[in-house]
Amino acid sequence: MLKSAKDVSNILCDKLVKSGNHVMTITNDELYALSERERIRGAFLTDLTRETEAKGYIFASGDKVHIISQDTNYAPIKK
């Protein structure tokens with residue numbers, strides 16, 4: 001059964017917290033499997049981004065991977 005963007009966001013944010021890291025990546029194939037989808041449309045990614053940001057995290061997509069990150073300045077640029 002297809003998982004909603006909210007369900008996937010909850011899982012990803014929980015995994016990030018449990019990892020103890022500030023950021024994690026997930027490949028397209030892993031995201032397909034996690035969301036139980038064969039294809040992921042732009043509307044789903046938009047909803048996933050919105051749900052993730054509502055929890056105080058950042059979700060960004062690239063061509064091959066997606067990034068989930070804390071919305072904090074955990075690695076500031078050195079002056």
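What is the handedness of the crossing of α1 and α3? In this predicted model, that crossing is right-handed.

## Packing of α1 against α3

Helix α3 spans residues 42-54, and α1 packs against α3 at an angle of about 50°, with the two axes 8 Å apart. Because angles under 35 degrees count as roughly parallel and those from 65 to 115 as roughly perpendicular, this value makes α1 oblique to α3.

On the α1 side the contact is formed by A5, K6, V8, S9, L12 and C13, which meet F44, D47, L48, E51 and T52 on the α3 side. Sorted by character, the residues of this contact of α1 with α3 comprise 6 nonpolar, 2 polar and 3 charged.

## Packing of α1 against α2

The axes of α1 and α2 come within 10 Å of each other and cross at roughly 120°, and these two helices are therefore also described as oblique to each other. Here, too, the crossing is right-handed, as α1 passes α2.

The residues that make this contact are V8, I11 and L12 from α1, together with L31, L34 and S35 from α2. In the contact of α1 with α2, 5 residues are nonpolar and 1 is polar, while no charged residue takes part.

## The nonpolar core

The largest nonpolar core has 16 residues, and V8, L12, L31, L48, F59 and I68 are those with the most contacts inside it. Two or more residues of this core come from each of α1, β1 (23-27), α2 (28-35), α3 and β2 (57-61), and the largest share, 5 residues, is given by α1. In soluble globular proteins, nonpolar side chains tend to be buried together.

L31 offers a view of how these parts meet: leaving aside neighbours within four places in sequence, L31 is in contact with V8, L12, I26, I40, L45, L48, F59 and H66. Among these partners, V8 and L12 also belong to the α1 side of the contact with α2 and to the α1 side of the contact with α3.

## K3, ahead of the first helix

K3 is found in the segment before α1, the helix of residues 5-19. The relative accessible area of K3 is 24%, and because buried means under 20% and exposed over 50%, K3 is classed as partly exposed.

Beyond residues up to four places away in sequence, K3 touches V8, I11, L34, S35, E36, R37 and F44. One of these, R37, lies 34 residues from K3 in sequence, yet the two C-alpha atoms are 8.0 Å apart in space.

Definitions and conventions
Residues are numbered from 1 along each chain as its sequence is written. This is a predicted model: local features need pLDDT of at least 70, side-chain atom pairs count only at pLDDT 80 or more; totals for chains, interfaces and linings use all residues. Side-chain values use heavy atoms; hydrogens and water are left out. Helices (H or I, at least four residues) and strands (E, at least two) are DSSP runs, numbered from the N terminus. Buried means under 20% relative accessible area, exposed over 50%, partly exposed in between (1.4 Å probe, protein chains only). Contact means heavy atoms within 4.5 Å. Axes are lines fitted to C-alpha atoms, for helices over the stretch in contact, and angles run from 0 to 180 degrees between N-to-C directions. Angles under 35 degrees count as roughly parallel, over 145 as roughly antiparallel, 65 to 115 as roughly perpendicular and the rest as oblique. A crossing is left-handed if the near helix is turned anticlockwise from the far one by less than a right angle, and right-handed if clockwise. Ala, Val, Leu, Ile, Met, Phe, Trp, Tyr, Cys and Pro count as nonpolar, Asp, Glu, Lys and Arg as charged, and the others, Gly among them, as polar. A nonpolar core is a set of buried Ala, Val, Leu, Ile, Met, Phe, Trp, Tyr and Cys residues joined through side-chain atoms within 4.5 Å.
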